[in-house]
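Trainee: Could you take me through one part of this protein up close? I'd like to see how a single residue sits among its neighbours, and then how other spots compare.

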Amino acid sequence: MNTNILNRKFNFLTLSVCLALSGAEVAAQDQEKSEEVEQIIVTGVFKSSAEDGSAVAITSIDEDQLLKSAAVSTADLLKDVPGVFVNSALGEIRNIVYSRGISANSLDGNNGYFYVSMQEDGLPVQNALLTNFGPDYFSRVDLMTKRVEAVRGGASAITGANAPGGIFNYLSKTGLTDPGTIFRTRLGSEGGEFGNPYYRADFYHGGELTDDLYYAVGGFYRDSTGPRDPGYSMNHGGQLRANIVYEYDNGQVLFSYKKLDDHNLWDEFLPVSGLDSAKPIGDFDYNSSVNPRRVPHAFPALSTSNYVPGTVNDSDYWDPAEGINSTSDTFSVNWDHEFQDGWSVSNKFKHSKNQSDWNSGAAIFAMSLDVPGIYGPAPFGNGILAVGVTDEAGFQPYDGVLSFSDSSGNVLAQVQAENGQYTVLSSSLPDAPELPNAILVQTAFAPNTGASESINQFTITKELEDMSFSFGVFYSMSDLHWRSAEGGTGLSTFSPDREMLNITIERPDGTVQQVTSPDGFAGAGRIGAFQNFASNAEQEQLSFFFGHSWEISDNWSLNWGVRSEQIEVEGANQVASQYTDETGGLDGNPNTLYDNTIQSLGYPVKFKREFDYTAFSTALTYSWSENQSTYFRYANSKKAPSVAAFVDPGAGVNDGQYIPQGVKQYEIGHTVRGDGYGMTVTPFMTELTDIGGFGSPVQFTEVDGTTYVAPSLLSTIETFGIEFDGHYNVTRALDLRLSATIQESTSKNNAVWRANDPGRADDTILTFPDADAANTPKTQGALTATYNADSWSVFGTLRHMGDRPANANNSFDLKSYETIDIGASYFVNENLSVNLNINNLLNERGVLSWQGAGDFNGLDRSFSPVDGLWSVVHQQPRSIFLTITYAMD
């Protein structure tokens, strides 16, 4: 390993530990420190309690930290939480969050919140999950966000619904707690060279309507090009929120409503060379986008009815400038009431309708023109251009000469097709020495997903002099749908302008056939990079939970709880098969190949599965003094499959294994605090078992072109680590905050399937020795220094992300990197303030996600890059934001 990298890691960790150990000694001698306000938490506990001594691994992010961070996404706010890994390289949505090595299948954002629960005001934003349909599509931080509580460790196993990996609760302001009016404008630029504009406006207004009745309303609108300009806005839209609080003698009722209508995209994988440097190849640079160019077009939608030749059953439209249009209508009611004699009840209800209408790219691979999968069935789906005929015998490729032209009609390349082999005859296409005759495979990805969901959680608590008992019920009913849609697949030039290529084939008899439509896409909505299907499912979840807290003595306390989970998933999948319409497809012309291959949905394949398990956690706390305590917590729980596990396999849903993963967690938290300082050190151990029993599978191709999923191969991840979470007021003006994690995560019993030729007969299992767990850094952390003066403040944050194995077989590492964020605030007067933030000051280019390049094995990350050629998503580049806030009482 590089000595400089080792030195940087050692210096960062040495500084962290020194601050942790020296803070108590130095600060204890300072008699001039201000007294800190006790923080009350509501997450990870059965009843609100003081954060200190709660026996919960929790980090609270207050409103001041929210402003200083200039976070782009909800996930960005969690970067400084110890033990929590955050990959927000994709931008505002589709991010990855996990904690303490509970991280299987965490290299792809399609299931980025699988192990954790993202909540708003105590209930999940989206409880039932599909692939590429998770909570961060429907949650945005704005001026109505009061604070964030981040819980990791065993407490989440019994206080969260099927979420053993952590709970992240985004709490809202109300007119009762936060009366006043705030307007905020944020102007900025993203993209490293400050070339991509960012505009955002927020507002908040809250106060008293009448005696005991309070209101609040707020929201935002934002428009931004994004970190790498694709030629259109990647993020535009906003949300409106409102709530009303009725307070009476012994309780209160909170009514809330949220309307979200947002459009978002992310950067696709950039072709690079070199496992250490990851430098862009060809004419691409670090600011280049490989997302599809804007070529909006209509196409026949996949429908549940049988195809009638020459007709369009339904139509759809694809426009990447619309991005993923995520909408949410959410209504909630929270009721809290205190009875006499220590009894209290709390009921939280939420109904939401969340929808995502996709207009994005997908499966954007960099490869050479002679890869056979471009022209016929690809290893993981139906095929790209489908230059041939598909019948009951499977796909039969056409022979001939393929020509690739630009929009002006200039022929840029020709390829000879013969017996399923493809030879480049000539090419003037832009390429790179690492990838000659290069193109980008482009997919107009346009599925539609949605869920209607109702959630209710009821808790009753009895408090005695030295103990309390809580009993509750959680219920969720979710009605979900998925409908595939593709506006075609095609090829673009391997260049930053990504021009779609016009493709024809001249058959041996001299007939010239048009492979792509005038928009540059083949398929016309009926074939594509993936197996198309339609699915409907219901998930019903019922949980009973019990918690007991006992102050055994002045020094000892015991907290324990148990939770039973019952989950039932029922639905039906309709998978499409494809064939060639000999009559010429939609236009009746057999020589326009782009609309000749037809998909027809098969009969519904019904499925129904039930899961029933119990989670348990207990914590014993010893208080050495009012400023020092130690707790030990143990938790044993499971993680049941999400709905994605039943939708993704399609017609093979009833052939697969569905084994809940086991999760054991141990932690010891030691906290010391005083005037101006505080530090919590938490050694932990987690064991994640039966990995591979469900999830988003890699699909293989049958001989008839349909797909299947091989039987599960189960593995285990064990993680040992230690977290540091603390702060130290060096002086009244200078404050230091530290979060750091050191961990060792080992993956055992690793194996993968290798699909060779189409069909199951020659599939093989490749095993790997026990190794470091994929995508889990050995070290990560953040150190923030803040200096506060009378009318201004400045801060700087140094973040470290350690090396991470790129795959389970540890064939190479994603290299460590450091990032520096800086910011300054100036308070013009008591109402007006100005903030300046520069994120990623030095424009570091750490790699957070990757896939292969050169062929269609890219999504199977057990394959290592060949000759250092791969595709990556770097961390968000440098950005600058100017924020102006005006507040009135």
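Mentor: Let's settle one term before we zoom in: a polar contact is a pair of N or O atoms within 3.5 Å, and within protein one of them must be able to donate a hydrogen and the other to accept it. Also keep in mind that this is a predicted model.

Our close-up is Gln541, which you'll find in strand 33, residues 533-551. Is Gln541 buried or exposed? Its relative accessibility is 1%, so Gln541 counts as buried, given that the cut-off for buried is under 20%. Now look at what its side chain does. There is a polar contact with the side chain of Asn127, at 3.0 Å. The side chain of Glu565 is another polar partner of the Gln541 side chain, also listed at 3.0 Å. Leaving out neighbours within four places in sequence, the residues in contact with Gln541 are Asn127, Ala161, Asn162, Phe474, Tyr475, Ser476, Glu565, Gln566 and Ile567. Pick out Asn162 from that list: Asn162 and Gln541 are 379 residues apart along the chain, yet 9.4 Å separates their C-alpha atoms.

You can read Ser172 in the same way. Ser172 belongs to strand 9, residues 167-172, and with 15% relative accessibility it counts as buried. Its side chain makes a polar contact with the side chain of Arg241, at 3.0 Å. Beyond four places in sequence, Ser172 touches Asp121, Met144, Lys146 and Arg241.

Next come the charged pairs. Side chains of opposite charge can pair when their charged atoms come close. How many salt bridges does a search of the whole structure find? The count is 27. Start with Glu723 and Arg152, whose side chains meet at 3.3 Å, N to O. Glu723 sits in strand 42 (residues 715-729) and Arg152 in strand 8 (residues 145-152), so this pair ties together parts that are 571 residues apart in sequence. Glu723 and Arg152 are both buried.

Asp267 and Arg228 form another salt bridge, with 2.9 Å between the closest N and O atoms. This time the partners are in loops: Asp267 lies between strand 14 (251-264) and strand 15 (270-273), while Arg228 lies between strand 12 (213-224) and strand 13 (235-248), and the two are 39 residues apart. Asp267 is buried, at 4% relative accessible area, and Arg228 counts as buried too, at 6%.

Then there's Lys748 with Glu718, a salt bridge whose closest N and O atoms are 3.1 Å apart. Lys748 is in strand 43 (residues 734-748) and Glu718 is in strand 42, 30 residues apart. Here the two ends don't match: Lys748 is partly exposed, at 27%, whereas Glu718 counts as buried, at 17%. Salt bridges can also join up, and Glu92, Arg140, Arg222 and Asp262 are linked in a network of them.

Now for the nonpolar side of the story. In soluble globular proteins, nonpolar side chains tend to be buried together. In this model, the largest nonpolar core has 70 residues, and the members touching the most other members are Leu78, Val97, Phe168, Val643, Phe646 and Leu688. Follow Leu688 for a moment: setting aside residues up to four places away, it touches Ile102, Ser103, Ala104, Tyr115, Gln661, Gly662, Val663, Ser715, Thr716 and Ile717. A second core, separate from that one, has 30 residues, including Phe365, Met367, Val371 and Val389.

Nonpolar residues turn up on the surface as well. Phe183, Phe203, Leu240, Tyr886 and Met888 make a nonpolar surface patch of about 440 Å². One of them, Phe203, has its place in strand 11, residues 196-210, and counts as partly exposed at 30% relative accessibility.

Last, a quick look at the backbone. Arg94 is not a glycine, but its phi is positive, near 65 degrees. Arg94 is in the loop between strand 4 (84-87) and strand 5 (96-99), and it is buried, with a relative accessible area of 13%. Asp212, not a glycine either, has a positive phi of about 70 degrees. Asp212 is found in the loop between strand 11 and strand 12, and at 36% relative accessible area it is partly exposed.

Definitions and conventions
Residues are numbered from 1 along each chain as its sequence is written. This is a predicted model: local features need pLDDT of at least 70, side-chain atom pairs count only at pLDDT 80 or more; totals for chains, interfaces and linings use all residues. Side-chain values use heavy atoms; hydrogens and water are left out. A nonpolar core is a set of buried Ala, Val, Leu, Ile, Met, Phe, Trp, Tyr and Cys residues joined through side-chain atoms within 4.5 Å. Buried means under 20% relative accessible area, exposed over 50%, partly exposed in between (1.4 Å probe, protein chains only). Contact means heavy atoms within 4.5 Å. A salt bridge is a side-chain nitrogen of Lys or Arg within 4 Å of a carboxyl oxygen of Asp or Glu. Helices (H or I, at least four residues) and strands (E, at least two) are DSSP runs, numbered from the N terminus. Patches are made of residues with over 30% relative accessible area and no salt bridge: like charges are joined within 9 Å, nonpolar side chains (Val, Leu, Ile, Met, Phe, Trp, Tyr) within 5 Å. Accessible areas come from the Shrake-Rupley method with a 1.4 Å probe; for residues, only the protein chains shown count as cover.
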